[in-house]
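Open the model in your viewer and set it to cartoon view. This short tour tells you what to select at each stop and what is there.

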Amino acid sequence: MAHNPIVNQLTLSRTDWRFVVEQGMVGVLFQGQRFLRLLQPGDGLTMNERTSRGGLQVYLMDIQPHDLVWRVELPTKDHGDAFSVTLRLRYQVADPRQIIEERITDTEACVARVCEPLLRRCARDYRLTQFRAAEEALCATVAEADLAGCGLQMLAAPDLTIHLSDQARRRIEEIERNERRWRTVKTIEHVEEVPSSDPAVSFKVSVAVSFRVHKQEDLPSDSIEDAERQLWPRIKRVLRRESRKYHLTQIAEADTAMQDAVDDLLDGEGISDFGLRVHALEVSTDLDDKARQRYVELATIQHTAVLDKARLEGLKDSTGFYTDLIQKGSWAVLAVAASKGEIPINELYQRLSEKERSQFAMQFEFLKTLRADNAKDERQDYDIAKILMNTVAGQVLGAGNPALGAPTPAKQIAAGDAPAGGEAGA
């Protein structure tokens, strides 16, 4: 409600100059646009003022304390939420002359005009759930407001209250649920195709992205899944940059390189954007059915070429031959050799380091058929087979795939067998 402190405005003359300044009021005397003086209760015009050449005006002004009750909606830190605020403030006119000269006819509007920008700026530092802290901060902000520019003065500490409607309380419960959810590390898995060095085929990668909310105010929406979807292309670019360096038969090396690339990024500058911070990335590389068939063809060709070359050079030591393949990282060739029974899996597996075993198992996944093995050490063979079964079962190519050839009889893959001269080809 507007509050105009000017109760009356009188134009005086030589014949009509009587007026009364009552208690709680002052008279503000002007001649034209020139301020003359303030009249206190009981004061009147002097003889000179009565006989002056007209143009006198007196403004009777209420200077008693006035209580303002102001209700306002203030923005919170979260777009769309607001504080419902009631401000109670006692003030009075401190400079009657300024009130007249600046033509102030609504002191409540003046107080609101001074306080509202300060309150809005302060309120934006707080979420709806922080309404108690916001209440204290807003009250302190109003207490420091300077009303002198309006010709007013504050008489007592302001009283400010934030009211919570049923809707606001439900919103607070929602925010608190979200905050509990955001504090938890969440994992989302992406399956994407990334290029190999062969334009005709691609690697298929599964990436488990583990993340949590880092800066809530930077979230593009209330959905952290939406934020993660916006962050994902940055990770995908890193994978694509690495994957295109490797040929299809280098799937194990490509898998390691992509994992190392994202690990280096996490350990270095980190991955933080859209209010999220990524804590871990797990990369797993695979091939689709078409690419698997192409892989088998290429791996078999490589295997034949390597073995033919070894024969031409006079292959005598099969142990040294396969050790050399391990040192060169020729996992596709080794996988073909193992699937054909040219080298026992348990013997090969014992020669490999943990990292080499992982790379070999990935290659072997595309070529291995479940086999019968008459290894001399059945217990050892069982342990090795169990490890491979856990890795491979359910994902390997079937024995009927023409690219793999017919399964090798058990007698041909007994422990200690060397590559057979006439059966080593694809």
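## Stop 1: helix 4

Select helix 4 and show its side chains: the buried residues there are Phe131, Ala134, Ala137, Leu138, Thr141 and Val142. These residues cover an arc of only 135° around the axis, so they sit on the same side of helix 4. Now turn to the other side of helix 4, where Arg132 and Glu136 are exposed. Keep in mind that this is a predicted model.

Next, check the length of helix 4, residues 131-143. At 1.5 Å a residue, its 13 residues should span 18 Å, and the end C-alpha atoms are 18 Å apart, which agrees.

## Stop 2: the sheet

Select strands 9, 10, 11 and 12. They form an open sheet in the order 9-10-12-11, with antiparallel pairing. Strand 9 (186-195) and strand 11 (272-273) stand at the edges; each has a single partner strand, so one side of each has no neighbour in the sheet.

Zoom in on strand 11 and strand 12 (residues 276-286), which are joined in the antiparallel sense over two bridges. Which residue in strand 12 is the bridge partner of serine 272? It is arginine 277.

## Stop 3: the helices on the sheet

Add helix 6 (residues 224-243), which packs on the sheet and touches strand 9, strand 10 (202-213), strand 11 and strand 12. The direction of helix 6 makes about 40° with that of strand 9.

Finally, select helix 7 (residues 251-267). Helix 7 lies across strand 9, strand 10 and strand 12, and runs at about 175° to strand 12.

Key: Residues numbered from 1 in each chain as written. Predicted model: local features only at pLDDT ≥ 70, side-chain atom pairs only at ≥ 80, totals over all residues. Heavy atoms only, no water. Pairing = 2+ DSSP bridges. Helix = DSSP H or I, 4+ residues; strand = E, 2+ residues; numbered from the N terminus. Contact = heavy atoms within 4.5 Å. Axes fitted to C-alpha atoms, helices over the stretch in contact; angles between N-to-C directions. Expected span 1.5 Å × (residues − 1). Buried < 20%, exposed > 50% of the residue type's maximum accessible area, 1.4 Å probe, protein only. Arc of directions from axis to C-beta.
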